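Me: Hi, I have a protein model open and would like to go through it slowly. Could you help me read it?

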Amino acid sequence: MTDRVALVVGAGDAIGSAIMRKFAEHGFVVCGARRNGDKLQPLVKSLAAAGHSAHAFSCDARDEDAITGLFARIEEQIGALDVVVFNVGANVPMGILETDSRKFTKIWEMACFAGFLTGREAARYMCQRGRGSILFTGATASVRGAAGFAAFASAKHGLRALAQSMARELGPQNIHVAHIVIDAAVDTAWIAENFADAAALKEKDGIVNPDDLAANYVMLHEQPRNAWTFELDLRPWMERW
């Protein structure tokens, strides 16, 4: 059992996995959760080979019982959670006329409701100990909507509001809540396959490197409480905003 445990809910192949690696490099036992936890096994094995401790879990973050069970299992079998990162995506573009109620609800459940479940469970354990960090991954859509992204933007706006309320409520209890706005393309396989100029942009540092991005999550967790950041927005030097 250890008290330096980090959990990433929404541990995808790019950002989530990079966050896990970065916390592992800083001495944390890392736990990653995604709907198909088996996809994390290569990362878990590579971290173990490097001398780190990592665990993978299958979990649908929209399922309340699944989330409460995930937190209970980690707290009971691995250690006290010191930092929890909510990193579920749901960036699905669609026109408003093509957005039916089922699609809208699903995107909201993934990007907002799941964040509430994750944040609440993290707070339940951290408040008992009077310490911890809860970090939410946001996007450009967290602060402004765009054509074709009504469902995603509404969910991300909601997640940001959730994070603000939690920060105000939990800050006085020594729980650091922060929201990270990623306002740019991130170096992923999807970006490489769908943007013709991705390679050229990457060459000029015009695309966010997941490992450099992940370093900011560790920085936020390690900030002294006399100078906590609530919102941090990240973009390459050449990004228009």
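Reply: Let us begin with a word that will come back often: a residue is called buried when its relative accessible area is under 20%, exposed when it is over 50%, and partly exposed in between, using a 1.4 Å probe and the protein chains only. Helices (H or I, at least four residues) and strands (E, at least two) are DSSP runs, numbered from the N terminus. With those terms in hand, we can say that in α1 the buried residues are Ile-15, Gly-16, Ser-17, Ala-18, Ile-19, Met-20, Lys-22, Phe-23 and Ala-24.

Me: Before we go on, what kind of model is this, and how are the residues numbered?

Reply: It is a predicted model, in which local features need pLDDT of at least 70 and side-chain atom pairs count only at pLDDT 80 or more, while totals for chains, interfaces and linings use all residues. Residues are numbered from 1 along each chain as its sequence is written, and side-chain values use heavy atoms, with hydrogens and water left out.

Me: ok, back to α1. Is that helix largely enclosed or exposed?

Reply: Helix α1 covers residues 15-25, and 9 of its 11 residues are buried, so it is largely enclosed by the rest of the structure. Just after α1 comes Gly-27, which takes a positive phi of about 90°.

Me: Lys-22 is on that buried list. What is it in contact with?

Reply: Lys-22, which is found in helix α1, is buried with a relative accessible area of 17%. If contact means heavy atoms within 4.5 Å, and neighbours within four places in sequence are left aside, Lys-22 is in contact with Asp-211, Ala-214, Ala-215 and Val-218.

Me: Zooming out, how many helices and strands are there?

Reply: The protein has 8 helices and 7 strands, and its C-alpha trace spans about 50 × 40 × 40 Å along the principal axes.

Me: And what is the radius of gyration?

Reply: The radius of gyration, taken over C-alpha atoms, is compared with a globule rule of 2.2 Å times the number of residues to the power 0.38. For 241 residues a compact globule would come out near 18 Å, and the protein has 17 Å, which agrees. Buried residues make up 48% of the 241 residues, and among contacts between residues at least 6 apart in sequence, 70% join residues at least 24 apart.

Me: Changing topic, how many salt bridges are there?

Reply: A salt bridge here is a side-chain nitrogen of Lys or Arg within 4 Å of a carboxyl oxygen of Asp or Glu, and the structure holds 15 of them. One of them joins Arg-144 and Asp-183, with the closest N and O atoms 3.9 Å apart. Arg-144 sits in the loop between β5 (132-139) and α5 (150-170), and Asp-183 in the loop between β6 (175-182) and α6 (189-194), so the pair ties together parts that are 39 residues apart in sequence.

Me: Is Asp-183 buried or exposed?

Reply: Asp-183 is buried, with a relative accessible area of 5%, whereas Arg-144 counts as partly exposed at 43% relative accessibility.

Me: Which other residue forms a salt bridge with Asp-183?

Reply: Asp-183 also forms a salt bridge with Arg-235, where the closest N and O atoms are 3.0 Å apart. Because Asp-183 is in the loop between β6 and α6 while Arg-235 is in the segment after β7 (231-234), this pair ties together parts that are 52 residues apart in sequence. Arg-235 counts as partly exposed, at 22% relative accessibility, and it forms a salt bridge with Asp-233 too, with the closest N and O atoms 2.9 Å apart. Asp-233 is itself partly exposed, at 36% relative accessibility.

Me: One last topic: which residues other than glycine have a positive phi?

Reply: As background, most residues other than glycine have a negative phi. Here Ala-90 has a phi near 85° and Asp-205 has a phi near 60°, and both values are positive. Ala-90, in the loop between β4 (79-86) and α4 (101-129), is buried with a relative accessible area of 10%, whereas Asp-205, in the loop between α7 and α8, counts as exposed at 54% relative accessibility.
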